[in-house]
Amino acid sequence: MTIKDRKRIDDFYSQKARKEKYPARSVWKLEEFDEKYRLFKPGMRVLDLGCAPGSWTLYAAKAVGPGGLVLGLDLNPPQAAGLPKNVIFKKVDLLLAEGLEPAQEYGPFQIILSDLAPKTSGRKEIDQAKSLELCAAAWQWAQALSVKGADFLLKIFQSPEGDEFLKSLNLFYEKQIRLKPKASRKASQEIFVLNRGLLNNPG
Ligand SMILES: C[S@@+](CC[C@H](N)C(=O)[O-])C[C@H]1O[C@@H](n2cnc3c(N)ncnc32)[C@H](O)[C@@H]1O
């Protein structure tokens, strides 16, 4: 694929997001996973880690409907104008456990989403290490706030250490599926990992 072709695809996803009033094109990644793996059901409680600018939150809020709930946590507030009534946002540094207690008020959750990403430095090893640190933090939150049987979808920048982490995570779930969505740039280090069915919640 040429750079021009890739740019055309990127523009397509960005324009489609703007048209449908999502603040980021990342929504199409979640939509692809949901269409394939049926992640959401009406009435579910969703924890969205690293939720800003808010595309995944809006998608999940629609999918779980008015009887469900999405708790979004991020360092930054969502950009989405007028959050739906079933969305709660809290400003939290997920590397610290400080927001855990207020989050417990809204849980436990049937699905944990983590699209957490560090500010990239352009140095591959550093970015991979930062991504892994965020994934490990997301796993702490997932352990503390999941129901038994919950799913955990996370983004990770691929690395040998990341693979070790995913291997150990796999022991806690019925099934682990690695995903590279169409809307993800080919050159990007990111992959998504869907962990299905938490076996035993030690939290
Ligand atoms: C790729 S964006 C998420 C996009 C989001 N899923 C959406 O669809 O709009 C990654 C997010 O991770 C957040 N983040 C990174 N480090 C964080 C931390 N330590 N605590 C909370 N949020 C963090 C960033 O602020 C950023 O909003």
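Let's start with the core. The largest nonpolar core has 48 residues. Those with the most contacts inside it are Val46, Leu49, Ala60, Ile111, Ile112, Leu113 and Ala138. Which helix gives the most to this core? Helix 3, residues 55–64, with 7 residues. Keep in mind that this is a predicted model.

Take Leu113 from that list. Leaving out residues up to four places away in sequence, Leu113 touches Val46, Leu47, Asp48, Leu49, Trp56, Ala60 and Leu153.

Now the sheet. Seven strands form an open sheet. The order is 3-2-1-4-5-7-6, and the pairing is mixed. Strand 3 (87–91) and strand 6 (173–179) are the edge strands, so named here since each pairs on one side only. On average, neighbouring strands are turned by 15° against each other, direction ignored.

Look at the strand 3 edge. Strand 2, residues 69–74, pairs with strand 3 in the parallel sense, over 5 bridges. There, Leu71 stands opposite Ile88 in strand 3.

Over to the strand 6 edge. Helix 6, residues 160–170, lies across strand 5 (146–157), strand 6 and strand 7 (190–198). Helix 6 runs at about 150° to strand 6.

Helix 6 has a helical partner too. Helix 5, residues 124–145, packs with helix 6 at an angle of about 15°. Their axes are 10 Å apart. Angles under 35 degrees count as roughly parallel, so helix 5 and helix 6 are roughly parallel to each other. Their crossing is left-handed.

Which residues make the contact? From helix 5: Gln128, Leu132, Cys135, Ala136 and Trp139. From helix 6: Glu161, Gly162, Phe165 and Leu169.

Notes:
Residues are numbered from 1 along each chain as its sequence is written. This is a predicted model: local features need pLDDT of at least 70, side-chain atom pairs count only at pLDDT 80 or more; totals for chains, interfaces and linings use all residues. Two strands pair if DSSP finds at least two bridges between them. Helices (H or I, at least four residues) and strands (E, at least two) are DSSP runs, numbered from the N terminus. Axes are lines fitted to C-alpha atoms, for helices over the stretch in contact, and angles run from 0 to 180 degrees between N-to-C directions. Two residues are in contact if their C-beta atoms, placed from the backbone, lie within 7 Å. A nonpolar core is a set of buried Ala, Val, Leu, Ile, Met, Phe, Trp, Tyr and Cys residues joined through C-beta atoms within 7 Å. A residue is buried if 20 or more other C-beta atoms lie within 10 Å of its own, exposed if 12 or fewer, and partly exposed in between; C-beta atoms are placed from the backbone. Angles under 35 degrees count as roughly parallel, over 145 as roughly antiparallel, 65 to 115 as roughly perpendicular and the rest as oblique. A crossing is left-handed if the near helix is turned anticlockwise from the far one by less than a right angle, and right-handed if clockwise.
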